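Visitor: Could you take me through this structure, starting with the ligand?
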Amino acid sequence: MADRRDSYYWKAKEDKFSSRAAFKLIEILNKFYLSAEGKNVLEIGSNPGGWSEVISMNNPNFHVAVDIKKENVETPYTFIRGDISRDSTWENIGVAMNENGVHEFDLIISDAMVNTSGNTDVDHSSSFLICSKIMEMGMPFLSRGGTVILKQFQGDLTQSFMAKWSGYFRKATITKPVSSRQASREIYIVFKSLK
Ligand SMILES: C[S@@+](CC[C@H](N)C(=O)[O-])C[C@H]1O[C@@H](n2cnc3c(N)ncnc32)[C@H](O)[C@@H]1O
């Protein structure tokens, strides 16, 4: 039987990233001239850890990663196991910030998504709810000049989502990394430089 895993899967193995998703973040950071170096980074939906590895390689000042699933390995960053739709998870993020003397994030990134159902409307609506919660809860923590990168499964509400949040930033873009499967409706929203 043919091996359906694509070249990015094998490249992830070769480069020792935990997931092929790492290449999407690398591509987005390069395209938008972004780096995590010296920055305070909040990462949401981190498991199995490809994006976390990319951020760690950038030498951030502070990096907290959140996921419903627990990390299998010891991490060089703060890991919080929690559901981002629950206020208690945001309280725990606040506690981690306080413990590290951090008052704001320069970069909030999310690759969070529940298991896709195959139904595009259902997937879009779950993804939209995650993105909305991150913006509502994360914006007060974002530094001036800060950036948000969000995965979203594109659909009817994407346009109104962009309209609602774009004005707070100097630049708002929807991007589809080459390393994202073309058949998938996933896109990445980059809100760059909070006014
Ligand atoms: C595509 S994976 C992330 C891959 C990761 N960025 C990497 O590079 O390896 C999506 C992750 O989002 C997490 N997730 C989904 N809904 C979530 C939520 N409400 N709160 C926190 N994490 C969530 C899932 O548990 C899953 O691990």
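Guide: The ligand site comes next, followed by an aromatic pair and some backbone features. This is a predicted model, in which local features need pLDDT of at least 70, side-chain atom pairs count only at pLDDT 80 or more, and totals for chains, interfaces and linings use all residues. Residues are numbered from 1 along each chain as its sequence is written, and side-chain values use heavy atoms, with hydrogens and water left out.

Visitor: Which residues come nearest to the ligand?
Guide: S19, W51, D67, D83 and D111 do, out of 21 residues around the ligand. A residue belongs to that group if one of its heavy atoms lies within 4 Å of the ligand.

Visitor: And how does that shell divide by residue type?
Guide: It has 9 nonpolar, 7 polar and 5 charged residues. Ala, Val, Leu, Ile, Met, Phe, Trp, Tyr, Cys and Pro count as nonpolar, Asp, Glu, Lys and Arg as charged, and the others, Gly among them, as polar.

Visitor: What lies 2.9 Å from a nitrogen atom of the ligand?
Guide: A polar side-chain atom of D83 does. This is a polar contact, a pair of N or O atoms within 3.5 Å. Backbone atoms take part too: a polar one of W51 is 2.8 Å from a ligand oxygen atom, and a polar one of G45 is 3.4 Å from a ligand nitrogen atom.

Visitor: How much of the ligand does the protein bury?
Guide: The protein buries 89% of the 610 Å² that the ligand exposes when taken alone; these areas come from the Shrake-Rupley method with a 1.4 Å probe.

Visitor: Switching topic, how many aromatic pairs are there?
Guide: The structure holds 9, where Phe, Tyr or Trp rings (the six-membered one for Trp) pair if their centres lie within 6.5 Å. One of them joins W51 and Y188, at 5.9 Å centre to centre and 40 degrees between the planes, and is tilted, that is, neither stacked (under 30 degrees) nor edge-to-face (over 60).

Visitor: Where do those two sit in the chain?
Guide: W51 is in helix 3 (residues 50-57) and Y188 in strand 7 (residues 186-194), 137 residues apart. Helices (H or I, at least four residues) and strands (E, at least two) are DSSP runs, numbered from the N terminus.

Visitor: Where is the cis peptide bond?
Guide: It joins N47 and P48, with omega about 10 degrees.

Notes
Polar contact = N/O pair within 3.5 Å; in protein donor to acceptor, adjacent residues only side chain to side chain.
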